[in-house]
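Visitor: I'd like a close look at one part of this protein, strand by strand or ring by ring. Could you pick a spot and walk me through it, then show me how other parts compare?

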Amino acid sequence: MLKYPPLSGTLLVTAATLAGCSQEPPATEPQSSSVQPEQQTQQTPVAQVQLSNALSRAVSDEPYYVSFDELGLTHQDALDGELGATVNGTPVATQMIDRDGDGQKDGLLTLVNLPSAGTIELVIDRGLASQAPEVAKRTQAEISHKVGGEWQPHSDENREGMYEYVGGEFENVESLTPPEEHSDHSYYIRYEGPGIESDLVGYRVYLDWRNGFDIFGKKTHDMVLQDVGLDGYDSYHEPADWGMDILKVGDALGVGGYGYWDGEQVHRVSEVDGWGARILDNGDLYSSFSIHYQDWQVADTTVDLTAQLSMTAGSRLVHVDLELSDELDNLNTGIVKHPGTELIEGDVNITGKAYTYVASWGKQSLSGEDDYLGMALLFRKSDREEQTEDEHNYVTVLDAAGEDVDYYFLAAWQHELDGITTREAFVEYLEGEAERLTLAPRERLTTAHSQEQKNPPADAEAALNWSKRLADSELERKTMKYHVDGWDTNRERPPKFEYDIIGLLPMAYDELNEVAPAERYAKALPHVTGSFIGEEGEIARYKMTNFSVDNVKPGVGVLRLWEQTGEERFKLAADQLREHLHKHPRTSGGAFWHKERYPWQVWLDGVYMAMPYLAHYALLFEEGEQQHESWAEVVKEFEITREELRDPETGLYYHAWDEKKQQDWADPETGLSEHFWGRGFGWLTMATVDVLDFIPEEETELRQPIIDMIQEIAVDLQKYQDPTGTWWQIMDQPDAPGNYRESSATAMFAYFYAKAIRMGYLDDSFLPVAQKAYDGLINEFVTVHEDGKISMTNICLVAGLGFGRDGSYHYYMSEPVWENDPKGTGPFILAGIEMHRLLQGK
């Protein structure tokens with residue numbers, strides 16, 4: 001399945017069905033509701049959306065896409081319902097599009113204008129399509145070839161053995177597989193391949209062995225491709241009122257083409273058994289086409305390659321999504337390297353998922369005038385493996401992340417309407433586009449289909465049911481892929497012995513199996529975590545000398561597996577992790593460094609990653625003074641964390657502390673990072689209530705400092721709870737541009753309150769806070785899909801410090817906001833379990 005471009009603040013994660021993972025049907029039955037579905041749809045629209053601009057500047061023509069599945073509609077319901085939209089009460093143009101390229105419309109797209117750091121209200125409902133204003137056609141994708149003529153040997157003596165198409169007329173088609181006679185300059189395909197354009201610029205792709213990407217510079221906002229090349233094969237190489245072909249591609253990739261990098265030069269997608277192009281969308285707001293390359297012979301292997309290219313109105317950017325039939329390292333894109341051009345590179349001291357660019361600028365237009373042309377590639381920093389060049393190209397080598405990769409390319413010509421005329425203006429434009437891709441609008445989506453199944457306040461049964469529904473949905477999507485020979489879907493790599501997919505999530509399934517026993521839940525822990533432990537206790541994809549506390553977290557599952565099976569291999573693996581903690585480097589006060597590569601640093605995450613494991617190991621395998629010392633070490637870690645990271649004015653905890661005060665994110669006087677990150681605090685709160693499970697009640701002196709922390713946190717945390725019951729990504733700045741209500745932190749805090757009350761660490765006066773937090777988690781962050789599966793939205797994908805992550809407010813906003821990441825789904829499942837246990841006992 002092709003990756004989706006980031007058209008909105010929510011990234012839709014592809015669902016892969018897992019066959020045979022359960023012998024019991026998923027618990028996807030709707031909860032009861034006091035409002036009947038037919039009443040609900042009469043009273044409320046299909047969806048209401050708040051879109052907030054994460055940028056401190058206004059943006060226009062910002063694409064917003066929502067799938068029919070998210071809306072709770074079947075494909076046919078959406079098509080039959082005249083689905084449309086209003087923005088702030090005014091009908092707007094919309095388009096149903098085939099975003100994933102499977103040949104069927106799958107969602108609704110519109111373009112919106114967002115004020116600086118402002119919010120708009122978008123309503124999606126049936127019957128609104130007929131109220132939409134008429135708009136000019138602003139995008140186009142097309143391909144045309146000749147019919148009614150015949151193939152003849154080529155008249156050019158330099159093309160001996162080749163053919164040309166003589167006579168006939170051009171016919172526009174939806175798909176085209178060229179015949180064997182077709183090659184370059186065969187006069188069969190109008191302008192030699194498929195084309196795509198917006199109201200700003202157009203592009204074409206040679207559908208032959210060259211596979212070059214060319215540019216049609218435009219002097220008009222009108223659509224022009226339909227007329228290009230009709231009056232003569234080479235006419236578009238000459239200036240016209242509309243513009244012209246402005247790029248000499250030659251032996252290069254052109255602008256944004258793709259190929260294979262062998263370490264010295266680019267190999268274009270030339271040696272193939274055939275090409276086929278298909279128009280996917282040709283609409284007013286959005287257009288796209290795909291090219292399928294059959295049996296590309298490259299690097300001593302053969303793969304199929306499918307490329308999808310798309311554009312939206314008002315943009316120069318083309319989104320390129322490449323899907324391979326098998327893994328292929330060193331896939332590349334690039335820009336033609338013309339003499340006299342300058343390579344410009346964007347900032348790389350940024351987070352891995354943020355966008356940066358490479359570009360060329362210079363007098364490289366074919367217009368015959370002394371004018372400037374800029375070309376650029378935009379990609380996530382983490383997707384580039386190398387920046388290099390060969391004789392013809394500036395080359396960007398990409399990480400294909402298994403079998404697919406995506407990026408953008410663009411061109412900016414001096415003679416466009418309001419064209420870019422200077423290098424400085426071009427760089428400013430590229431910086432703005434990279435920031436726009438990185439800081440997508442924040443989306444707050446409420447659908448009638450989802451609301452019908454939410455009936456707050458949740459009781460014990462409803463809370464457990466929500467945990468089961470998300471657990472079942474994720475079982476079908478990806479949970480069982482996390483085994484040692486599987487695939488980490490979100491990180492796009494083979495799984496490592498990680499804290500979330502191997503530690504937290506399988507443990508949540510095991511906990512769910514205790515309250516709702518089912519074979520499908522019982523399988524998760526041995527299938528995932530157990531798969532990393534060899535017969536002699538060796539741990540796959542784990543290296544002790546990395547000294548990362550993140551790699552200790554899976555030990556909680558290893559200990560559970562030993563308790564459940566008694567297998568010696570789990571005891572041996574657990575011993576390795578205990579030895580790891582004996583050797584792990586520490587601050588001068590005795591706190592664990594977060595990782596070897598993060599020296600002298602204590603992060604809030606650390607107490608959750610290592611302390612519950614250490615306390616549990618000591619309970620199972622240590623005795624006497626040794627056991628007491630281990631528990632004392634656990635308590636000391638919490639005490640140092642509180643002493644160094646807690647802000648006495650707010651009661652909130654900073655993300656991290658650098659004892660040496662040397663990191664670029666650290667305050668030079670305190671060593672503290674700048675902000676209160678929600679999930680960082682969430683890890684700490686879960687650790688406080690979990691670690692006490694393994695320090696016996698008779699150890700009152702050891703337990704008391706942690707109980708004191710729980711009670712202190714409960715009071716302080718409540719002050720920052722949003723009226724919706726949720727908490728914000730940066731906890732004390734709810735009104736800052738781009739900040740958003742964050743679901744993983746909310747799930748963690750709901751878990752913290754529910755478990756602390758149930759265990760008696762907090763009294764029942766905090767029950768309303770727990771109930772409000774859990775109801776907020778469901779109301780704000782659960783999407784019920786058309787097929788009954790559910791998703792958890794608004795999860796910060798990741799946040800860290802150092803290595804391009806400067807700890808600024810902008811940094812925390814620049815990390816992607818995703819659905820169904822295990823760092824959120826695990827706490828969601830656990831929060832429902834704890835609310836179930838708590839409410840069942842009341």
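Guide: Here is a walk that starts at one strand and then moves on to a sheet, two loops, a helix and a group of rings. Keep in mind that this is a predicted model. The average pLDDT is 93, and 95% of the residues score at least 70. The stretch to be careful with is residues 1-42, where pLDDT stays under 50.

Let's start with strand β26, residues 373-380. Eight of its eight residues are buried, so the strand is largely enclosed by the rest of the structure. Leu373, Met375, Leu377 and Phe379 point one way, while Gly374, Ala376, Leu378 and Arg380 point the other way. Yes, that list of buried residues includes Arg380.

Now for the partners of β26. Strand β25 (residues 355-362) runs antiparallel to β26 and is joined to it by eight bridges. In that pairing, Tyr357 stands opposite Leu378. Strand β29 (residues 404-413) is also antiparallel to β26, with six bridges between them. Here Leu377 of β26 sits opposite Phe409.

Next, a sheet elsewhere in the chain. Six strands form an open sheet in the order β11-β8-β13-β14-β15-β16, with antiparallel pairing. The edges are β11 (169-173) and β16 (243-245); each has a single partner strand, so one side of each is left without a neighbour in the sheet. On average, neighbouring strands of this sheet are turned by 25 degrees against each other, direction ignored. Within the sheet, β13 (residues 195-198) and β14 (residues 201-205) pair over three bridges, and Gly195 stands opposite Arg204.

Just before β13 there is a backbone detail to look at. Tyr187 lies in the loop between β12 (175-176) and β13, and its phi is near 60 degrees, a positive value in a residue other than glycine. Most residues other than glycine have a negative phi. With a relative accessibility of 27%, Tyr187 counts as partly exposed. Lys661 also has a positive phi, about 55 degrees, and is not a glycine. You'll find Lys661 in the loop between β32 (656-658) and α14 (678-691), partly exposed at 39% relative accessible area.

On to a helix. The 16 residues of α11 (residues 568-583) should span 22 Å at 1.5 Å a residue, and the end C-alpha atoms are 23 Å apart, which agrees. Its buried residues include Phe570, Leu577 and Leu581, but also Arg569, Lys571, Arg578 and His580. Among the elements covering them are α10 (555-565), α12 (605-621) and α13 (624-645).

Last stop: the rings. The model has 33 aromatic pairs. One of them is Phe681 with Phe749, an edge-to-face pair with centres 5.8 Å apart and 75 degrees between the planes. Phe681 belongs to helix α14 and Phe749 to helix α16 (residues 743-758), so the pair ties together parts that are 68 residues apart in sequence. Both Phe681 and Phe749 are buried. Phe752 and Tyr753 make another pair, with ring centres 5.2 Å apart and planes at 65 degrees, so this one is edge-to-face too. Phe752 and Tyr753 are both buried as well. Ring pairs link these four residues with Tyr653, Trp727 and Phe766 into a cluster.

Definitions and conventions:
Residues are numbered from 1 along each chain as its sequence is written. This is a predicted model: local features need pLDDT of at least 70, side-chain atom pairs count only at pLDDT 80 or more; totals for chains, interfaces and linings use all residues. Side-chain values use heavy atoms; hydrogens and water are left out. pLDDT is the predictor's confidence in each residue, from 0 to 100. Contact means heavy atoms within 4.5 Å. Helices (H or I, at least four residues) and strands (E, at least two) are DSSP runs, numbered from the N terminus. The expected span of a helix is 1.5 Å times one less than its number of residues. Buried means under 20% relative accessible area, exposed over 50%, partly exposed in between (1.4 Å probe, protein chains only). Two strands pair if DSSP finds at least two bridges between them. Axes are lines fitted to C-alpha atoms, for helices over the stretch in contact, and angles run from 0 to 180 degrees between N-to-C directions. Rings of Phe, Tyr and Trp (its six-membered ring) pair if their centres lie within 6.5 Å; planes under 30 degrees apart count as stacked, over 60 as edge-to-face and the rest as tilted.
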